[in-house]
Amino acid sequence: MASITLANVGKIYKGGNRAVDDLNLDIADGEFMVFVGPSGCGKTTALRMVAGLEDISEGTISIGDRVVNEIDPGKRDIAMVFQNYALYPHMSIFENIAFPLRARRVPKAEVREKVERTAKLLGLTEFLPRKPRTLSGGQRQRVAMGRAIVREPQAFLMDEPLSNLDAKLRMQMRSEISNLQAEFGVTTIYVTHDQVEAMTMGSRIAVMRKGVLQQQGAPQDVYERPVNMFVAAFIGSPGMNFFRASLRADDRGHALELPGQSVRLPDDVVRERPALAGYADRDLAVGVRPEHLTLGGDGGPTMSATVLRSEMLGAERLVHIALAARPIVTDEVMEAAADVDPTTVAALADDSEERQVSMILRASPAAHVEAGSTVQIGLVAPHLHFFDLATGAVIVD
């Protein structure tokens with residue numbers, strides 16, 4: 001087992017297309033790091049450079065104390081798990097798991113002992129004589145995991161290993177992979193476009209966009225403190241709500257000005273974000289997650305909205321509301337919305353001066369709301385996010 005370090009790593013393809021730009025990450029020994037982002041963001045390219053399947057254009061990659069830029073993939077002591085399983089159809093499950101050991105000429109008795117131990121761990125013992133075609137998708141993914149585990153490598157590299165499974169199996173395999181990684185303590189880089197996988201599996205996540213690392217940190221930290229609108233929009237399900245407002249300052253403090261209403265902000269909201277004072281009489285982007293909107297309010301700032309519909313999900317109700325405000329149509333938000341919820345893109349693209357922004361709030365399943373009714377929506381002020389419309393950066397200090 002070993003740490004993995006990416007220092008100023010870049011990948012430039014022919015024609016000047018820069019797939020990865022100045023990527024810097026230190027992945028600790030035994031850590032579970034998840035690369036997450038929309039299609040084409042550079043996460044798989046970064047993984048393939050660590051594996052040695054892509055040449056490195058710039059920077060250095062180290063596994064343990066070795067710089068591996070010029071080391072062949074087979075000599076990097078890593079194991080890869082792909083989304084298509086890459087099993088040998090003519091071999092039994094035993095032979096598939098044993099393949100990397102036999103390639104290294106491990107003695108037969110040791111091969112059998114390691115394969116049987118790994119199969120028991122993964123619940124595959126009864127399937128060892130079978131061929132891959134007789135197994136389900138989840139079982140075949142376990143075989144692919146077993147082939148990686150049996151090698152006892154310094155690191156696991158996983159490229160969207162669950163994307164071919166149905167929703168129920170994905171949830172089950174997320175748990176199994178996380179448990180196995182914790183048990184073995186092997187340094188792991190896991191690539192996914194699914195932010196739910198990233199949030200639930202990684203000890204740390206790295207959010208990428210257009211080849212550039214946007215933010216890295218513990219999943220909850222990234223969720224609660226996104227550094228820009230792209231991260232805020234991409235991480236979370238349902239995603240963060242955004243609307244445009246003008247910040248007004250007067251002798252009473254600060255307020256958000258929306259068409260037909262003014263939302264007074266508590267003094268500590270601005271005090272804890274000193275840079276906000278510089279946005280007086282300017283438009284900015286306001287972001288708020290569904291769980292930080294409340295029906296009726298709780299004594300904090302409120303605003304008027306219209307109920308569009310509600311969705312009963314058993315443990316909670318999602319209430320869709322319309323707020324009279326201009327939408328946020330920055331490239332960052334549009335790109336994240338297209339990947340997380342494509343149905344919102346058409347609505348966001350309408351940047352007229354007066355329109356209604358659709359938002360979602362989480363409510364109790366017992367909440368009673370009628371479509372078309374006007375309701376007061378409370379904002380949980382400490383959890384409001386403010387972003388610069390020009391740069392997309394969060395406004396903090």
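## Sheet, helix and ring pairs in a predicted model

Three bridges join strand β14 to strand β20, and these two strands run antiparallel. The model described here is a predicted one. At this junction Val 286 stands opposite Phe 386 in β20, and the two strands belong to an open sheet of five strands, ordered β13-β12-β11-β14-β20 with antiparallel pairing. The edges of this sheet are formed by β13 (261-265) and β20 (385-387), each of which pairs on one side only. From one strand to the next the twist averages 40°. As a general point, the strands of a sheet pair through backbone hydrogen bonds, in either a parallel or an antiparallel arrangement.

On its other side, β14 meets β11 (residues 241-250), and this antiparallel pairing extends over seven bridges. Within it, Ser 246 stands opposite Asp 283 in β14. Strand β14 itself, which covers residues 282-288, is mostly covered, with five of its seven residues buried. Towards the β13 edge, strand β12 (residues 253-258) pairs with β13 in the antiparallel sense over five bridges, and there the bridge partner of Leu 256 is Val 263 in β13.

### Aromatic pairs

The structure holds four aromatic pairs, two of which are described here. A pair of aromatic rings is characterised by the distance of the centres and the angle of the planes. In one pair, the rings of Tyr 88 and Phe 99 have centres 4.8 Å apart and planes at 45°, so the pair is tilted. It links distant parts of the chain, with Tyr 88 in the loop between β6 and α2 and Phe 99 in helix α2, 11 residues apart. Tyr 88 has 30% relative accessibility and therefore counts as partly exposed, and Phe 99, at 34%, also counts as partly exposed.

The pair of Phe 242 and Phe 387 is likewise tilted, because its ring centres lie 5.9 Å apart with the planes at 55°. Since Phe 242 lies in strand β11 and Phe 387 in strand β20, the pair ties together parts that are 145 residues apart in sequence. Phe 242 counts as buried at 9% relative accessibility, and Phe 387 counts as buried at 0%.

### Helix α3 and its buried side

Helix α3 (residues 108-122) has 15 residues, which at 1.5 Å a residue should span 21 Å, and the 21 Å between its end C-alpha atoms agrees with this. Its buried residues include Val 111, Lys 114, Val 115, Thr 118, Ala 119 and Leu 122. These residues cover an arc of only 130° around the axis, which puts them on the same side of α3. An α-helix has 3.6 residues a turn, so residues three or four places apart point the same way. On the other side of α3, Ala 109 and Lys 120 are exposed. The buried residues of the helix pack against α2, α4 (137-149) and α5. After α3 comes Gly 123, whose phi is positive, near 70°.

### Three polar residues

The side chains of two glutamines and one asparagine can be placed by element and by accessibility, as set out below.

| Residue | Place | Relative accessibility | Class |
|---|---|---|---|
| Gln 181 | helix α5 (residues 167-184) | 9% | buried |
| Gln 195 | helix α6 (residues 195-201) | 8% | buried |
| Asn 84 | loop between β6 (78-81) and α2 (93-103) | 51% | exposed |Where do the contacts of the buried glutamine in α5, Gln 181, lie along the chain? Leaving aside residues up to four places away in sequence, Gln 181 touches Gly 30, Glu 31 and Phe 32, together with Val 186 and Thr 188. Gln 195, counted in the same way, touches Val 36 as well as Phe 234, Ile 235, Gly 236 and Ser 237. Asn 84 counts as exposed because its relative accessibility is 51%, where the cut-off for an exposed residue is over 50%. The C-alpha atom of Asn 84 is separated by 22 Å from that of Thr 187, a residue 103 places apart from Asn 84 along the chain.

Technical notes. Residues are numbered from 1 along each chain as its sequence is written. This is a predicted model: local features need pLDDT of at least 70, side-chain atom pairs count only at pLDDT 80 or more; totals for chains, interfaces and linings use all residues. Side-chain values use heavy atoms; hydrogens and water are left out. Two strands pair if DSSP finds at least two bridges between them. Helices (H or I, at least four residues) and strands (E, at least two) are DSSP runs, numbered from the N terminus. Axes are lines fitted to C-alpha atoms, for helices over the stretch in contact, and angles run from 0 to 180 degrees between N-to-C directions. Buried means under 20% relative accessible area, exposed over 50%, partly exposed in between (1.4 Å probe, protein chains only). Contact means heavy atoms within 4.5 Å. The expected span of a helix is 1.5 Å times one less than its number of residues. The arc is that of the directions from the helix axis to the C-beta atoms. Rings of Phe, Tyr and Trp (its six-membered ring) pair if their centres lie within 6.5 Å; planes under 30 degrees apart count as stacked, over 60 as edge-to-face and the rest as tilted.
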